[in-house]
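Please walk through this protein step by step, from its overall build to a few strands, turns and unusual backbone positions. The explanation below is written to be read beside the model.

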Amino acid sequence: MLTPGPARTRDYIGVALLVVVMLGSLAMLFDRTWKRGERLSPADLVLTTFPWAADTTRITPKNPVRSDEAYYFQPIGVTHFARLRHGDFPDLDSSMLSGIPAFHHGLDVGRAYSPLSLPFYFFANDVATTLYAPLRLLAAALCMWWWLRWIGTGRIGAIAGSVAFGLNGAFMVWLSSPQPNVGLFLPLLALGADRIVERADRQGVAIFAVALGMMWIGGYTPTLILSSAAVGMLIAVALLARVHGAGVRAAGLPLVLLVVASVLGLAVGAVALFPTIANIASSSIVSRTMSDTLPWQNAATFVLPDFWGTPIRQNWWYAGAGNYSEFVSYLGVTTVVLAGAGMAAALGARDRRLLAVAGVALFALAAMYGVPPATWLSSVPPLRQVNPHRWHVVLAFALATMAAGGVDAVMTAEPGSRTRRVGVLAGMALAAIVAFGMAGLALREHLDDIRRLGLQAFERAQIVRAAQLAGVAILLATVAAWIRPLRALAGAGLVVVIAIDLVKGAYGFNPTLPPGQIFPPTPALERVREIAGDGRVAFSAEADTAWPTHVWGVYGLQTVDGFDFYGDPAYQQFMQRASSRPEEPAGWAYVEPGPPERLRVPLLNLLNVTAIATPPLDAVARGVGYAPLGELVDGRRVEQPFTGRFNGLRSIDVLTATYGRYNGGTFRVSLENDARARLATREIDAAIVPSNEWMRLEFAPIANSAGQRFWIVIEAHGATVDRAATVWMTGEPVEVSHRAVVDGRQDARSVWYRTFSSAPERIPGATLVDSGALNVYRGTGAMPRAWCVGLVEIAPLDQHLDRLVNPAFDPRQVAVLPATPAHPASDTAHVVSIDPPDGDARRIRVDAPDGGLLVVSERFHTRWSATVDGIETPILPANHLLLAVALPPGARDVVLEFRDPTRRPAEVVTILALAGIVLALQRRG
């Protein structure tokens with residue numbers, strides 16, 4: 001058993017009180033789960049896109065910006081963990097041709113091994129996610145408790161700081177992603193480091209090593225890097241203090257132990273570290289470079305969580321916020337104010353630890369907002385991929401520690417320490433002045449936008465809320481510092497205010513659904529599966545009309561697109577050529593087929609694409625970002641031009657927003673031609689308009705709509721201020737020909753709209769076989785999963801694509817290889833049967849009396865291994881992207897397996913490291 005440091009770390013009553021506060025906060029945050037029996041799931045966002053948008057019962061999404069959660073992490077919970085529950089570790093994510101290694105890649109490095117992932121091993125995905133999120137928030141609070149008690153914080157202060165960290169916005173908005181899996185161990189890493197420096201004992205080494213290992217296993221490398229950098233700053237300050245007090249030699253043993261602990265930590269995290277290194281080694285591009293910083297105005301969100309508006313209430317208006325979840329992370333106005341008290345107390349007492357933590361907070365702020373020297377870190381290779389938003393976790397840790405120090409200072413103030421008490425309260429007041437001053441400057445900077453969008457009342461309510469919370473915190477702190485009989489009650493009040501502040505500020509980023517609505521079945525996807533058969537699907541769409549198809553794997557569909565985390569040039573170049581797009585350098589990107597009309601179906605045929613699905617769209621808004629137009633009160637008029645692409649224009653959708661309330665008046669939505677003759681119109685009662693929903697106008701198909709210019713006209717009647725709905729606009733300007741006209745004046749943006757026609761896209765080489773919620777095409781000439789060829793051409797890989805796009809090239813007869821195979825191709829070889837994919841294995845039975853060459857429609861990767869009749873055989877890249885196996889005479893059975901060669905050794909290293917730590921901690925008799 002670990003020996004605690006100060007006796008107060010054994011404060012079981014304090015731990016019990018913290019757990020009670022956290023459980024109460026989590027019960028309020030996830031109230032719909034225990035009240036209604038719903039499940040925590042951001043998958044409601046899926047229902048706004050095709051085919052769900054037209055193929056399932058409509059619901060209003062609770063949070064329309066959790067894209068990574070809904071389209072990436074949730075499907076992994078369904079597909080990958082389903083295999084784990086059956087005892088099969090997925091080394092390959094075979095739901096996409098991108099073929100990314102399961103779990104070990106840019107967004108999910110090692111989450112399979114995280115102890116916090118245990119719910120996914122025992123429960124269905126909807127139940128597991130519902131347990132997973134609150135479990136991590138509670139674990140974060142407990143880790144913070146141990147750190148705060150170690151550095152000497154009193155019970156009430158430690159509870160306050162732990163709640164501030166456990167419920168911080170960076171964790172709240174990423175309830176399914178692996179980022180909190182890493183950040184929650186940051187306090188333990190700091191505790192272990194401080195203990196090593198102070199005591200140089202094996203318990204400190206063990207804590208540091210386990211925390212570092214768990215951060216690796218947690219699943220997100222950028223957060224690990226920044227958390228380690230923050231602890232490195234604390235270590236540097238602690239070592240300098242030790243040298244100053246006892247000389248240079250006093251730092252020798254702690255330095256050695258820190259190195260040992262780091263090595264042990266890497267060994268504990270080997271199950272994630274080794275595959276990551278292997279991925280990097282096989283990658284031509286390790287990561288994207290992140291050089292952007294947050295605008296200074298974003299600092300206002302520490303006091304006003306919805307300074308930019310909130311997509312939950314459909315008034316997110318700032319065009320620069322690409323992903324709201326990353327852009328805004330509310331840390332609590334009460335936490336900020338109390339951190340001021342902690343800073344003042346640290347300065348007065350010259351508390352080295354709190355001052356060092358304050359330095360980390362300032363450094364995190366500088367890195368987030370682009371202030372040197374913090375920005376110089378971007379020149380360090382491992383930090384080039386670090387998104388500045390990830391510093392939120394470090395800042396949350398630092399502010400929570402300082403806030404705990406502030407609460408502790410007012411709780412321990414002695415009657416004779418008048419100067420100290422006044423100084424602490426002055427620190428709170430100064431923090432409030434600075435925070436509200438920054439918010440005021442930010443509001444002034446965007447005052448024109450706020451007025452134009454009619455958001456004055458919304459922002460005013462936020463300011464009032466923040467001022468009330470700050471005032472209550474200062475009042476309670478004053479009572480605790482000056483009235484001893486009421487101290488305990490005031491301290492408890494501070495804890496409650498922190499909890500209420502953070503729960504209320506983050507409420508809404510916890511969408512819940514009836515279990516049946518989480519990735520519900522859709523007839524359109526069932527039809528796609530029928531048409532595709534055993535082949536793959538290419539989902540082709542205009543930009544901004546559909547989301548990535550990771551979620552399709554939940555339905556057993558295999559696609560050719562997906563995230564290419566390590567930048568495979570061959571894969572990305574192939575997709576660029578298949579989409580008739582200009583060739584670009586490989587990068588960390590989502591790779592997909594382009595617009596349907598430009599597809600090169602013969603290239604997709606090589607990938608076993610037996611079905612091509614497209615959303616049934618005609619014209620769409622061409623822009624990025626979302627911003628509400630502002631209340632459509634009586635008399636307002638919006639006109640949006642568009643040009644039809646196909647004949648048979650039959651309906652129009654406009655995206656609405658209600659500001660989360662019931663509204664009055666009516667909308668009139670009309671279609672006019674370029675001569676401004678009205679072709680169709682519809683009156684809509686604003687009271688029944690759903691938030692974040694498409695408002696539809698349907699009419700008889702217009703025969704010759706292709707190439708014609710039309711106008712969508714939206715008129716408001718009878719609506720008053722604070723009772724008027726609105727429509728979404730693009731967040732950024734669009735081309736002049738696509739700009740809307742608002743109240744007679746041209747706007748730089750476009751209304752979010754989409755139109756439909758009865759004439760689908762024309763894809764050369766493919767035949768439309770089904771239309772409805774999706775248009776589904778069957779290609780002619782799709783290659784099977786494996787086939788034998790009679791001829792081989794030898795050419796460098798960079799010349800393969802030029803050969804493949806030649807109309808004379810016949811992939812059924814010829815394969816292009818970079819080197820001569822061990823056995824020549826033969827006309828007598830052929831495939832007898834192909835077994836259905838079995839996890840990470842592929843079995844193909846062949847008849848090759850004279851030998852031959854087998855081409856397999858799987859993406860070439862060094863982790864594929866092949867055996868022919870039980871004998872290991874090399875694989876070769878073929879046709880630029882695929883793989884080939886040379887068949888010796890008489891070959892019968894070919895087995896391909898995708899295996900991570902580092903996984904088993906890494907598991908052994910991790911187990912040995914953990915066992916060694918446990919043995920080293922055993923007391924001798």
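**From the whole fold to its details**

The secondary structure of this protein consists of 27 helices and 30 strands. Its radius of gyration is 30 Å, close to the 29 Å that the globule rule gives for 925 residues, so the protein is as compact as a globular protein of that length. It should be kept in mind throughout that the model is a predicted one. Taken along the principal axes, the box that the C-alpha atoms fill is roughly 95 × 80 × 50 Å.

Several totals describe the chain as a whole. Of the 925 residues, 60% are buried, and among the contacts with a separation of 6 or more, 77% are made by residues 24 or more positions apart. The accessible surface comes to about 34,400 Å², and carbon and sulfur atoms account for 61% of that surface. As for charge, the protein carries 78 positive and 74 negative charges, whose mean positions lie 10 Å apart.

A helical position gives a useful entry into the details. Ala470 belongs to helix α21, which spans residues 456–482, and with a relative accessibility of 4% it counts as buried, because the cut-off for that class is under 20%. Which residues does Ala470 touch, if those up to four places away in sequence are not counted? They are Val333, Val337 and Phe436. In the case of Val333, the partner is 137 residues away along the chain, and yet the C-alpha atoms of Ala470 and Val333 are separated by 6.4 Å.

Some backbone features are found in the loops. Arg350, in the loop between α16 (333–349) and α17, has a positive phi of about 50° although it is not a glycine. Its relative accessibility is 74%, so Arg350 counts as exposed, the cut-off for that class being over 50%. Beyond α17 (352–368), the loop that leads to α18 (391–411) holds Pro373, and this residue is joined to Pro372 by a cis peptide bond with an omega of about 5°. Asp743 is another residue that has a positive phi of about 50° without being a glycine; it is placed in the loop between β15 (741–742) and β16 (745–746). Asp743 is partly exposed, with a relative accessible area of 39%.

The strands can be followed through their pairings, and β10 makes a good starting point. Six of the eight residues of this strand, which covers residues 666–673, are buried, so β10 is largely enclosed by the rest of the structure. It pairs with β11 (residues 678–685) in the antiparallel sense, over seven bridges, and within this pairing Phe667 stands opposite Ile684. The hairpin formed by β10 and β11 has four residues between the strands, and there Arg676 takes a positive phi near 70°. β10 is also joined by eight bridges to β13 (residues 709–717), and these two strands run antiparallel as well; here Ser670 stands opposite Val713. As background, side chains in a regular strand alternate between the two faces of the sheet.

Strand β19 can be read in a similar way. It runs over residues 775–779 and is mostly covered, with four of its five residues buried. Which strands does β19 pair with? One partner is β6 (residues 609–614), joined to β19 by three bridges in an antiparallel arrangement, and in this pairing the bridge partner of Thr614 is Asn775. Another is β18 (residues 766–770), which is antiparallel to β19 and joined to it by four bridges, with Leu768 standing opposite Tyr777. In the hairpin of β18 and β19, where four residues lie between the strands, Gly772 takes a positive phi near 160°.

A further hairpin lies later in the chain, at β23 and β24. Strand β23 (residues 830–834) pairs with β24 (residues 841–848) over four bridges in the antiparallel sense, and the bridge partner of Val831 in β24 is Val846. This hairpin has six residues between its strands, and Gly839 takes a positive phi near 60° in it.

Definitions and conventions. Residues numbered from 1 in each chain as written. Heavy atoms only, no water. Rg over C-alpha atoms; globule rule 2.2 N^0.38 Å. Buried < 20%, exposed > 50% of the residue type's maximum accessible area, 1.4 Å probe, protein only. Contact = heavy atoms within 4.5 Å. Areas by Shrake-Rupley, 256 points an atom, 1.4 Å probe, with all protein chains shown as cover. Lys, Arg positive; Asp, Glu negative; His and termini not counted. Charge placed at Lys NZ, Arg CZ, Asp CG, Glu CD. Pairing = 2+ DSSP bridges.
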